Amino acid sequence: MFNFGRAILNYCSSLRQHALPPLCLLCSAHARCGNLCAGCRSDLPHLPVERCPKCAAPSRAAEVCGACLAHPPAFDRVLAPCAYAFPLDRLIQSFKYGGKLAAAPALADLMWPVVSAEAAPDLIVPMPLGAQRLRERGFNQSLELARLLAARMDVPLARAACARVRDAAPQSALPWKERDANVRGAFVCTADVRGYAIAVVDDVLTTGATLNELSRVLYRAGAVRVTGWVAARTLAPEH
Ligand SMILES: [Zn+2]
Ligand SMILES: [Zn+2]
């Protein structure tokens, strides 16, 4: 008997095979596979192998960096594949501020080798966005990344475990030294996370002040390990 549904499926898959290759999210050249062309992929600002085991900043002989020695962060460590630099910064900005959601799988792909090399967490938590910021942007970029990584790793996603209760001034508008105070008291954890190893997903790590504050809240709620997973970390002279 003629299977109409199967015929449509076959037709669709043959269309897909003959479709043009996808376009690179950064330069619109044809990308052979994934969402980035080979040129842009090789231009990605990968972090050096020798980096601080706490905050992933480049460090000599992979020792704990001066900033982490002076002010030990609350989080266990940060896993990041790249520096927040050209051309990745453009991709992240178009994702976050331009609503280019197609960037999410490309960023999650970039994070995958780094985050899957470690022991899987018990729970994945997206960095919460304040209500006002969420209204302006229409989506939480960290949740989009967390959702993809949680599905791929088969780890539960706790999208509402934490909330941002105070919309602080944008961290990027503040001098680095004031960022700690700016995020103090910004988060609450409403889930029972006692005994859980947690990965907090965010797009970019700057000073680490925001991740540090959320980690404090999660540890206070009983988490046993908090790791930050980010697509990129800034390389600032202060760090
Ligand atoms: Zn390209
Ligand atoms: Zn460090």
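In the next few minutes I will go through the two zinc sites, the nonpolar cores, the strands around S6 and a few backbone details of this structure. Please keep in mind throughout that this is a predicted model.

Let me begin with the metals. The zinc ion (ligand 1) is coordinated through the SG atoms of Cys24, Cys27, Cys37 and Cys40, at 2.3 to 2.4 Å, and along the chain these donors follow the spacing C-x2-C-x9-C-x2-C. The angles among its 4 donor atoms run from 105 to 115 degrees, and the site is tetrahedral. Of these ligating residues, both Cys37 and Cys40 are buried.

Turning to the zinc ion (ligand 2), the protein donors are the SG atoms of Cys52, Cys55, Cys65 and Cys68, which lie 2.3 to 2.4 Å from the ion. Their spacing in sequence reads C-x2-C-x9-C-x2-C. Within that set, Cys55 and Cys68 are 13 residues apart and link distant parts of the chain, with Cys55 in the loop between helix H2 (38–43) and helix H3 (66–70) and Cys68 in helix H3 itself. Why do we call the arrangement around the zinc ion (ligand 2) tetrahedral? The 4 donor atoms subtend angles of 105 to 114 degrees, and that is what makes it so. As for accessibility, Cys55 has a relative accessible area of 2% and is therefore buried, and Cys68, at 6%, is buried as well.

While we are in that loop, I would point to Ala56, which also lies between H2 and H3. Ala56 is not a glycine, and yet its phi is positive, at about 70 degrees. With a relative accessible area of 1%, Ala56 counts as buried.

Now to the interior. The largest nonpolar core has 37 residues, and those with the most contacts inside it are Leu88, Leu91, Leu107, Ile124, Leu149, Val201 and Trp229. At least two residues of this core are supplied by each of helix H4 (88–96), helix H5 (103–115), helix H7 (141–153), strand S6 (197–205) and strand S7 (225–233), and the largest share, 9 residues, comes from H5. Domain 1 (1–43) and domain 2 (45–233) each contribute at least three residues to this core.

Which residues does Leu88 contact, once neighbours within four places in sequence are left aside? They are Leu44, Pro45, Cys82, Ala83, Leu107, Leu110, Ala231 and Ala232. There is also a second, separate core of 26 residues, and Ala83, Leu123, Leu205 and Leu211 are included in it.

Staying with helix H4, let me pick out Phe95, which lies in that helix and is buried, with a relative accessible area of 0%. Not counting residues up to four places away in sequence, Phe95 touches Lys100, Leu101, Ala103, Ala104, Leu107, Phe139, Gln141, Glu144 and Leu145. Of these contacts I would single out Gln141, which is 46 residues from Phe95 in sequence but 7.4 Å from it in space, C-alpha to C-alpha.

Next, the strands. How many of the 9 residues of S6 are buried? The count is 9 of the 9, so the strand is largely enclosed by the rest of the structure. S6 runs parallel to strand S3 (residues 123–126), to which 4 bridges join it, and in that pairing Ile198 is the bridge partner of Leu123. S6 also runs parallel to S7, with 8 bridges joining the two, and here Asp202 stands opposite Val230.

I will close with two backbone details. The peptide bond from Phe86 to Pro87 is cis, with omega near -5 degrees, and Pro87 lies in the loop between strand S2 (82–83) and H4. Further along, Asp154, in the loop between H7 and strand S4 (162–164), has a phi near 60 degrees, a positive value in a residue other than glycine. Is Asp154 buried or exposed? At 70% relative accessibility, Asp154 is exposed, whereas Ala56, where phi is likewise positive, is buried.

Note on methods:
Residues are numbered from 1 along each chain as its sequence is written. Chains are lettered from A and ligands numbered from 1 in the order in which they are written. This is a predicted model: local features need pLDDT of at least 70, side-chain atom pairs count only at pLDDT 80 or more; totals for chains, interfaces and linings use all residues. Side-chain values use heavy atoms; hydrogens and water are left out. A nonpolar core is a set of buried Ala, Val, Leu, Ile, Met, Phe, Trp, Tyr and Cys residues joined through side-chain atoms within 4.5 Å. Buried means under 20% relative accessible area, exposed over 50%, partly exposed in between (1.4 Å probe, protein chains only). Domain bounds come from an automatic or database domain assignment. Contact means heavy atoms within 4.5 Å. Donors are N, O and S atoms within 2.8 Å of the metal (3.2 Å for Na, K and Ca); water is not among the atoms, so sites may look incomplete. Four donors count as tetrahedral if all angles lie between 85 and 135 degrees; four count as square planar and six as octahedral if opposite donors are over 155 degrees apart and all others between 65 and 115; anything else is irregular. Two strands pair if DSSP finds at least two bridges between them.
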